[in-house]
Amino acid sequence: MKTDWRKYRKSTHLASADLDAMETDGMPLIFNIKTVKYETGVDVSGTKQDGIFCYFMENVKPLKLNSTNNKILAGFAKQDGLIGKECHVIENWQGMKIELFVDRNVKMMGAITDGIRVKPIRPKEKVKPNFTKANFEAAKNAKATIEMIKKSYLITSEIEKEYEQYRTT
């Protein structure tokens, strides 16, 4: 197992080092937005800051949004059918699924540094294929249980019962 030291750094909000550590652990950087709000005097790793903060449904630190990421989220809102200024209303971004990445070429205060960006393309929903009778033999040979099958396939209760009977014969 590899241990990334950045996993243990203390910070109150997501930073590029956090995303790097998550990637080292094999975690996907796809998150669902719980809420977005403007806040003042927020302690961001020891500095009081005002800004737009994004909170996620997953158990990760909040992200302070910058104007680049705000524009991408507004674009997603437009794709969702919001018109005009409604795209830019941060409360309308709730429920969006986004993917984050570390941009190694962010210009800040005259220097190049790492920064968190929202991928400008939304993550695709992975659609599980249906488990059918055609899968029975391979699943039985693999000694697959219903729980194992459900991790990779959609299975109806009828097919589930038929597979259980097939598996035990």
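Two strands pair if DSSP finds at least two bridges between them. Helices (H or I, at least four residues) and strands (E, at least two) are DSSP runs, numbered from the N terminus. This is a predicted model: local features need pLDDT of at least 70, side-chain atom pairs count only at pLDDT 80 or more, and totals for chains, interfaces and linings use all residues. Residues are numbered from 1 along each chain as its sequence is written, and side-chain values use heavy atoms, with hydrogens and water left out.

**Exercise 1. Strand pairing**

Task: Find how many bridges join E1 to E2, and how the two strands run.

Solution.
- Step 1. Count the bridges: nine join E1 to E2.
- Step 2. Check the direction: E1 and E2 run antiparallel.
- Step 3. Pick one position: Lys37 stands opposite Phe53 in E2.
- Step 4. Look at the hairpin of E1 and E2: two residues lie between the strands. Ser45 takes a positive phi there, near 50 degrees.
- Step 5. Turn to E4: three bridges join it to E1, and this pair runs antiparallel. Asn32 has Lys97 in E4 as its bridge partner.

**Exercise 2. The largest nonpolar core**

Task: Which residues touch the most other members of the largest nonpolar core?

Solution.
- Step 1. Fix the term. A nonpolar core is a set of buried Ala, Val, Leu, Ile, Met, Phe, Trp, Tyr and Cys residues joined through side-chain atoms within 4.5 Å. Buried means under 20% relative accessible area, exposed over 50%, partly exposed in between (1.4 Å probe, protein chains only).
- Step 2. Name the residues. The core has 26 residues, and Phe56, Leu73, Trp93, Ile98 and Leu100 touch the most other members.
- Step 3. Find the sources. At least two residues each come from helix H1 (16-24), strand E1 (30-44), strand E2 (47-56), strand E3 (63-65), helix H2 (67-79), strand E4 (97-108) and strand E5 (111-118). H2 gives the largest share, five residues.
- Step 4. Look for another core. One of nine residues lies apart from the largest core, and its members include Phe136, Ala139, Ile146 and Ile149.

**Exercise 3. Ile98 and its surroundings**

Task: Is Ile98 buried or exposed, and what does Ile98 touch?

Solution.
- Step 1. Place the residue: Ile98 is in strand E4.
- Step 2. Read the accessibility: Ile98 has a relative accessible area of 1%, so it is buried.
- Step 3. List the contacts (heavy atoms within 4.5 Å). Leaving out residues up to four places away in sequence, Ile98 touches Leu29, Ile30, Phe31, Ile33, Phe56, Leu73, Phe76, Val118 and Pro123.
- Step 4. Check a distance: the C-alpha atoms of Ile98 and Lys119 are separated by 7.2 Å, with the two residues 21 apart along the chain.

**Exercise 4. Helix H1**

Task: Which residues of H1 are buried, and against which strands do they pack?

Solution.
- Step 1. Count: seven of the nine residues of H1 are buried, so the helix is mostly covered.
- Step 2. Name them: Ser16, Ala17, Asp18, Leu19, Asp20, Ala21 and Met22.
- Step 3. Find the partners: the buried residues of H1 pack against E1, E4 and E5.
- Step 4. Look past the helix: Gly26 follows H1, and its phi is positive, near 80 degrees.

**Exercise 5. Aromatic rings**

Task: Describe the ring pairs that Phe136 makes with Tyr163 and Tyr166.

Solution.
- Step 1. Fix the term. Rings of Phe, Tyr and Trp (its six-membered ring) pair if their centres lie within 6.5 Å; planes under 30 degrees apart count as stacked, over 60 as edge-to-face and the rest as tilted. The structure holds six such pairs.
- Step 2. Take Phe136 and Tyr163. Their centres are 5.4 Å apart and their planes stand at 65 degrees, so the pair is edge-to-face. Phe136 lies in helix H3 (residues 136-141) and Tyr163 in helix H5 (residues 157-167), so the pair ties together parts 27 residues apart in sequence.
- Step 3. Check burial. Phe136 is buried at 6% relative accessibility, and Tyr163 is buried at 0%.
- Step 4. Take Phe136 and Tyr166. Their centres are 5.4 Å apart and their planes stand at 50 degrees, so this pair is tilted. Tyr166 is partly exposed, at 27%.
- Step 5. Join the pairs: Phe131, Phe136, Tyr153, Tyr163 and Tyr166 are linked into a cluster.

**Exercise 6. Cysteines**

Task: Why do Cys87 and Cys54 form no bond?

Solution.
- Step 1. Fix the term: a disulfide is a pair of cysteine sulfur atoms within 2.5 Å.
- Step 2. Compare: the sulfur of Cys87 is 17 Å from the closest cysteine sulfur, in Cys54, so it is too far for a bond.
- Step 3. Count: the structure holds zero disulfides.
- Step 4. Check burial: Cys54 is buried at 0% relative accessible area, and Cys87 is buried at 4%.
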